[in-house]
Structures are given as structure tokens and as C-alpha cells.
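User: I am new to this structure and would like a close look at a single part of it. Please take the place where two of the chains meet, and then add whatever helps to set it in context.

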Amino acid sequence: MADSKLTRSNRTGWLMSLPGFTLVALFIIVPFFFAFGLSMTNQRLVSPNPTKYVGLENYRQMLDIALVTLQPERDASGTVIRDDEGTIQYPRLRRLSRSDPAFERYKGMREWFGWQSGESHKAVVVRDPLFWIALRNTLLFVLVVAPVQGGIALGLALLVNQKLRGINAFRTIYFMPVVVSIVVVSLLWRFIYDGNDGLLNNLLDTLSFGAIPGVDWLGNPSTALGAIMAMSIWQAVGFHMVIWLSGLQTISPTLYEAADIEGASKWQAFRYVTWPGLRNTAVLVIIVITMQAFALFAQIDVMTNGGPLDSTQSLVFQAVERGYGKQDISGGSVISVVLFVLVLAISLVQRWLTRDRQN
Amino acid sequence: MISHDNHGLRLAVRYAVLVLVAIIFVFPLLFMVMSSLKPDHQLLVDTGSLRAFLPVGDISFDNYAAAFQRAPISTFVINSVIVTGVTVMLSLAICSLSAFSFVFLRWSGRNLLLSILLATLIVPFETIAIPLLLLVSKLPWLGLDGLEQGWLNSYHVQILPFAADALTIFLFVQYFKDLPSELVEAARVEGASWFQIYLKIIMPLAGPVVATAAILRFLFMYNQYLWPLMVVQSDEYRPVMVGLQYFFQLDTPWGEVMAYLSLITIPVLGFYLMLQRAFIASIASTGVKG
Amino acid sequence: MATLSMSGLTKRFGDIEVIRGVDIDIADGEFVVFVGPSGCGKSTLLRMIAGLEDISGGELRIDDHLVNDMQPRDRGIAMVFQTYAIFPHMSVRENLGFGLTIAKVPKAEKEQRVMQAARILQMEHLLDRRPSQLSGGQRQRVAIGRAIVREPSVFLFDEPLSNLDAALRMDMRMEIGKLHEQLGATMIYVTHDQVEAMTLADRIVVIKDGIVQQVGAPMELYHQPANRFVAGFIGSPSMNFLPVEVQSVDHDSALVASTSLDAVRVPMRVEPLKSGDQALLGLRPQYLVPTNEQDAGQLHGTLSLVERLGSETVVDVNTRENTRLVAAIADDRTFETGTEIAFTFDPNRAHLFSAAGDGALNK
Ligand SMILES: Nc1ncnc2c1ncn2[C@@H]1O[C@H](COP(=O)(O)OP(=O)(O)OP(=O)(O)O)[C@@H](O)[C@H]1O
Ligand SMILES: [Mg+2]
């Protein structure tokens, strides 16, 4: 279209937006595509060897997963060999993959977890157990934190949405941990969770008159991730309370008056007035929590370093450990790409859910 | 039907619940501050009782003095102030200028550029941190000693990657769109250049969004951890959050740790308590994106 | 002071042509008013003159200079917006002096010109207030004052009074009239208020769908409308259009009649008609005179509604073929609804239009 130069300001327009766009392009867009590129090379941060293109090899390594069935060891007569305690003996996968051509494909893979099925042993084997553990923990973290934190946040929002004197002070207090750095919070809670002199153990001990034994919350593989979840929820729940609150405040008070006239109970008013009005907010809250949960890093780095026994490994922690700690840029990039794909899937779900409403 | 007593009782229950919940949020922070004032032996004993949350016993600032002995804290604080302050300023200037040109000027490529920018909203920083690390380790920089290779260990490696971001631009764009376009047209008729309109008409009217963006940027930058952890190895440029590593060792006296934590947290909390409405409003505005 | 000339001006938004070939010449010091129904392109045309919209085709000249591609600030114009568009963060003084500040006019001169404008608009006492502390009328004064300070050769007003209440609107209208006399500048004024148009304008430009229907002095438009659209648009209450049949034609007059209209010879000014044509007879409500004797009248109907306004009485009449007719009768009179009524009128004040089309110029 032939536009006169009167209302077009091409030069000024570009000049004004260029600083911002250049920075975003250089520091977000370029690294973003870099991540894809690097994930297909053998790049290291400082390396004497030239970088090589390896295609999808890194992905093949990291994502390789298989289910194998191991038959019990039998003696010459064909009876199953058992050890002294009667446990069935199975051949080592390592040995099998060397000797048995049928198992050659599993060379270098390790058992992630397995279970007994009849006489045979089913095992899920992976080439990169740490990645899979990190993925599982991250998904677990997301699956627990998203609904729990979202639910508690809604409860708090309802609580501080009451018309009471001084309610603003409570709002301010509930939101307080949000402005505190997650790093600070993590270190503080390391003290609270401490196995010996921790505040939590001592308080529990006092409150129960010694009935509850002390737990090394972060040192125990079965409690460490749960402890980190609880703390993360404590820190960020105020954030989502605020989002719920702005959703609540868009619901017209006349609807409640109408419900009141109809004789609806408190619960019915919530069920039929509040909740339908919060549908969009709910999607938003869940998505935002999920995104934040996927980024789980600082808590791990400060509190557990992925331990004990890898029970708190997370995707971002692994990406940093490889890309920065071990200077394995390509390994870190692969995890970054996987993470991005997960995040993208989530935002597509969000798009879809919000579009649904408009129809 | 509802007797006055009943009403009073209900009110009491409501406040009781509110206070109980408040305790859960306040006490850990209170514990942090109180612990920072106590010597280690008392500190550990106190954790068994409510004394943990009270300034009782042997109260002093000794832990703070000791923390300053252990780590170059003042350097960390200065670094954090520089990095956070400069980034917030730069980001406000750069992003508002971009948003201004997107909203008020007509130029070819405008819509495409804006769409690309907004698409980056869904890229979490964590997913680009590793490739970005490689990128900045190779970028050249013209310093006082001539051309240098690599940005690691510097202020600019902590500042420039965050000097512009899609969320801030988006917040400004939303705000500018709601300003009456006649103001801009009137200024144009009066003879103002685009830059003068930006500086003299639009920015003076952008107070609320500037506050929102500044708060969000401030919180993000001051609390940054992963990035400075990767790109800064020397104390000279280390910000407070990474400086925490001095206190990671297992044998660190908790009193000192709590002193350091309090030191770097209380200013932010004070800031928040002063401007709590603005803080909460700015967080709420991040929720409306998408 | 400046002359302004538009020739063949057009404006497209995408595929839609909003201004479709406008030719107007405006003399130095003239007060020209653009009127037309909502969405006809008045504002767009004004903004093209201001340089806020670019011109898709044709030529715009100010003082014989082609200004199509000239920036607004270089055109020597000032504009007053419907929403005032005064800068909320500046005091009245700063608002008035904004253009001069931008132009880096020396402080003393700026101060003097701001004071002068304030004096003209009698708002010296408001100079240090913020816009939020002003009433709507005062804000509009500031907007006008800002235009005055620049000493432009052309003033552009886009419905400057439409956000004000009726009484204030009348005051401001008179002030703008006085201002024009005082400054003698060329002024272009957009409105859809007829009274503003009729009282302020040296010439009125009637626009419909981006096409100029007629340009002329207010009374010229009132008495000699160029087409049925203009006839219906100018005047309040609007002109009545009575369907009639042409019975015979002279060279410049026609004999027309209908069931409710006794045959009458009226001048044929707008378009040529021939015997047997269906036509519309335009009768201004003010020119219908009721007569008491049924048989003496020319036009017959039944009273359906009577509105007594004090200064005049407006009656609705159903004619025999059941079209609605409005008559405005000077002074307060009482009528009985439902009764038969007859009117006479001066045939020379009637207008005859063809019944075909919508009555407006169209390309
Ligand atoms: N920026 C634009 N893009 C597309 N169409 C536009 C634009 N501006 C105006 N129009 C269209 O041009 C036509 C004329 O608009 P304009 O504002 O000039 O009307 P107007 O005569 O001033 O009406 P009003 O009396 O309501 O102010 C309208 O149909 C409008 O929809
Ligand atoms: Mg208009």
C-alpha cells in the first residue's frame, strides 16, 4: 500500500523499538534457537576439540527407555536358582547385554525401577537415569504443588475477601513471603527443617510432649521432596491468593444478594455463584503455578543439591549441573529443550481452555 | 433471629482463623530476625519454645559483626544495588520507549515485531540459561583495557540480558493503549516531535505502570540466583543472593546465617510494607497476561 | 491568515473510501462549518486538513502551498478536540504555553502570549490550576486558549461543544463567534448541531457519505437546498415531504396534487420533472399556516399530536393518504387532537423534488 510519509514514521519507529527488540532478540530469541542447535552437537563450555553436529544422538541417549523382562537364572535341571533367603536370582543386565544378542540394544542402560511378575522380573531400563529421575520429580512436584497451592490460595483469597475491619493487614501479611527471595527462604527453612536443632522438630517435640520423634526432613529420601514442596507452597501461595482475589472481585455483589434471596447456603453460593465466576482465574492460576513449578531450581540448589539419593533432582537442576557444573552445554541444552516442550504444551492447553469458554 | 452474642462469637472465630493463618506466614520470618540477634547456644535452646519468636535473653548484633567478618558483605550489597538499580532504570527506559513506538507510531514491521516480542513471553528464563551462558562467554566487550573476549565476571553480564523483556514491554503497551490518542495528536499539532511526546506527554502520565514495572523488575533482579551463580565467580561482582554461598557450609553458625538473611531481606520487606498496595497490584497485573 | 483549497480530496481506510472527492475553497478569514450525519466523514476531513490522517488522493493547499505531505506542525494550524485533549499533568499555564515551549520561544514572549490568550478567554484566574480542578467549560476554554496562543492562520474545531450541557454550549458558541470576529482567522468547525452551524457559519458544507452535498451561506441552504437530503437535513423540525403527482409542467413550475393536497402550482428549482411523475413536495413546518375554514385550505389532515412549547406549538398531522406531517405554529395555540385541520402555505416557499433515489448526491 502506498502510504504517504506523513503518518508513517518508519525511521523513528524502528529507532525507538530497536534497543528493546535487539536486547530481547540477542538474549532471549538467539539463546532459544541456540538451545535447539546446541542440543544437536557435542558442545562443551571450554573444549579443545571442535564442536561436532551429532543430530538427535543426545536425545536418543537421554530419552532412551525400554521395558525388559528378565527370566530367572536356572541350573542345569531347569529349576530356578534362589539365594539363601529364597529370593529368585536374575542375570545382571550388564552381562546379558554383552553376551546375549537379544539384549545387545540395552548395552550401557541401567535399571530405573522394576517389579516382580510371576517368576520373571520386569525392569524399566534407561540410559540416563538421572534425567528420568529429575523428570519424574519435576512432574511430581508440579502435580502436587499445582492443585494444593492453588487450593490453599483460593481458601486464603476467600478468607481475606471478607468485609472485616483490618482485613487489609491480613492480606499484607499473607503476601509477605512472596517478596522474600526464594534463596533466603530456602536457607531459612534449612534451619527450620534441620534434623538436630531444627525449629520444626523442636516445636513438634514440645507440642507432642516428646511423642513425635525427630525427623531429618531434608536428609531423608522419603521426606526431602515433600519438605521442599511444603516450603515452596508457603513462599508462593500469597502470589496466587492475589490472583484469585482479583478474580473474586470481578464477581458482581448483586449475584450474592440474589443467591441470598433465593435462600442459598454459604456452600451453595460458592458452588453456583463464586466458582463459575472463577473459571478463567482457575485456569490462569493453575497454569502460572505449573510454569513456576517447572522452573524448580533454587530450593534444590540451596537445600539438598539433588540429594539425598537423588530424591530431589529436578530438570532445571540437572540442566544447570550438566551445562554449568560439568560444562556439558549440549547436555544442558537437551534438558532445556525438553523443559520448553513441556511448558509449550501447558500453554497450548491454556489457550485451548480459554478458547473453549468464548464459544 | 441471630442474637448479638452469636454474631460476636462468629466474628471472634473469623478473626481467630485469620490470626492463626497469619502466624504461619509471619513466624518463620520472625524466627529469622529474632535468631539473628541471639548467640548460637541460646538460639538452639530457644527453638524448643515460643522464645524462638521473641527478642529475649542475650540480645546483640554480634552475629551481624561476625557475618561481615566471614564474607565481604558490603561488596555484595553494593553489587546488588548497582545491578538491580541500573537494570530497573534501563528496563523502564528501553521498554517504555519500545512500547511507545508500538502503540503510537505507524511503521512497517510494527505488528510483526510486536508479535515476535510477545511470543517470547512463554519462554521461561530457565530454559535459555544454558545456551545464554555459552553466548555471553563468547561475546566481545569493549572495556577500559580494550577489546575483551567473554562477558563472565562483570556487571554488564548481570545487567544487559535483563535490560529489556517482553512482560515489561507488554505492561507498557497495555497501559499506553488506554491513554486517549487525542493527547498525542494535540501534541503533534502543537509541534512536538515523537521523542518530545514520549518524554513530556506520555511518560509523565505513566506513573502507575512505571511503578508496577519497577516493582516487578526490582523483585526479579534483586532475587536473581541462577544467573549470577553461573556467570560470576569472583566476589568483586557477586550479588547478595549468591553471596549466600559463604554461609552454605554445614558448620556455619546459624546465628550468622540468620543475620545475613535478615540483612538482605529486611530492606525489601520494609519497602513492601510501605508500598504494599503497589506491590500487590503489580503482582496482580502479571496475572492478566496471555 | 490563510486561504485553503481542497481539490478532489479522497481518503481510503483499506478498501473503504470514506472521503470521496471533496472540492472546497475557503477564503481568508472565513468561518466554515462542516455538517452531516454521524459517520459521514466530517472528522476525517478535518483531520486530513490538520495532517493527522494522510491524504489518499487529491490536493490540499494552504495559502497556495501544497501541504499533502507536510507535518501538522508546519501547516500553521491549531486544533481543538471534542475531548479537549488538554494535558492532565500540566497546569493551565503550561498547557497554554506548550506549543511555544516546544518551539523554544523566549520566556518573556511566551508569558506575554499566554496572558493575552487568557485575557481573551477571561481565565487569568485559572492559570495555575490543574485540568482536574476545572469544569468542562473551563477545560474547553483551555483547549481553545492553547490554540489561540499559537497564533495559527487556520483554526480547526472538531465538535468542541458536544461534551457540554445545553446552557454552557450556548455561551461557548457565542464566545467562539466573538473570537472569530476578534481574531479574524480562518476557522473550520465540525458539528452536527444545526444551531451551531446556522449561527456561526459564513458558509456551511453539508456532507453525506464522504460527498459534499452543498456549500453555501446558511440562509442559502435553508431557502435554496440543492437536493432533498440538504432540504431535510437543514432546519428544525425537518422539512415535510408530501408525496404528490405532477399534473402538468411549465418551463419552471409544476402543477402538483394529491388526495390531501388541492392542486397547486409550485416552482421547479432543483430537478426537471414531467407530467405524470411521482414527486415529493417539501414544506417547512414553519411555513404551514392553519386556517379555520376547511374549504379554504390547500392541505388536509387529522391532528394526531399537539406539543405546546410556549414560543411555538408543534402539531403532528395525519394526511389523508396517511403520511405524517409536522407544522410549527408561531405562538401558543390550543388544538384538539383527532379533529380535522387544514393548512395554507405560500407556494413560492415550497420545494419540489423527484421521488426517485435517496435525494442525496452520489457518485
Ligand atoms: N482509522 C479508521 N479506520 C477505519 N475506518 C475509519 C477510521 N476512522 C474513521 N473511519 C470510518 O470513516 C467514516 C467517517 O468517520 P468520521 O469519524 O470522519 O465520521 P464523523 O462524520 O466525524 O462522525 P461523527 O459525527 O460521529 O463524529 C466512519 O464510517 C468511520 O467508521
Ligand atoms: Mg467526528
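Analyst: What follows describes the contact between chain B and chain A, and then turns to chain C and its ligand.

This is a predicted model, in which local features need pLDDT of at least 70 and side-chain atom pairs count only at pLDDT 80 or more, while totals for chains, interfaces and linings use all residues. Residues are numbered from 1 along each chain as its sequence is written, chains are lettered from A and ligands numbered from 1 in the order in which they are written, and side-chain values use heavy atoms, with hydrogens and water left out.

Chain B brings 93 residues to the contact and chain A brings 87 residues, where contact means heavy atoms within 4.5 Å. The size of an interface is often given as the accessible area lost when the parts come together. Between chain B and chain A the buried area (accessible area, 1.4 Å probe, lost on being put together and summed over both parts) is about 8,200 Å², and carbon and sulfur atoms give 77% of this. On the chain B side, Leu18(B), Phe25(B) and Ile130(B) supply 9% of the area that chain B buries against chain A, more than any other three residues.

Helix 1 of chain B, residues 4–35, gives the most to this side, with 16 residues; helices here are DSSP runs (H or I) of at least four residues, numbered from the N terminus. By class, the side of chain B that touches chain A holds 68 nonpolar, 17 polar and eight charged residues. Nonpolar means Ala, Val, Leu, Ile, Met, Phe, Trp, Tyr, Cys and Pro, charged means Asp, Glu, Lys and Arg, and the others, Gly among them, are polar.

Zero salt bridges are found across the interface of chain B and chain A, a salt bridge being a side-chain nitrogen of Lys or Arg within 4 Å of a carboxyl oxygen of Asp or Glu. Polar contacts link 14 residue pairs across this interface, both residues at pLDDT 80 or more. A polar contact is a pair of N or O atoms within 3.5 Å; within protein, one must be able to donate a hydrogen and the other to accept it, and residues adjacent in sequence count only if both atoms are side-chain atoms.

In chain C, an oxygen atom of ligand 1 lies 2.5 Å from a side-chain N or O atom of Ser38(C). For Lys42(C), a polar side-chain atom is 2.8 Å from an oxygen atom of ligand 1.

Conventions: Buried area is the accessible area (1.4 Å probe) that two parts lose on being put together, summed over both. Helices (H or I, at least four residues) and strands (E, at least two) are DSSP runs, numbered from the N terminus.
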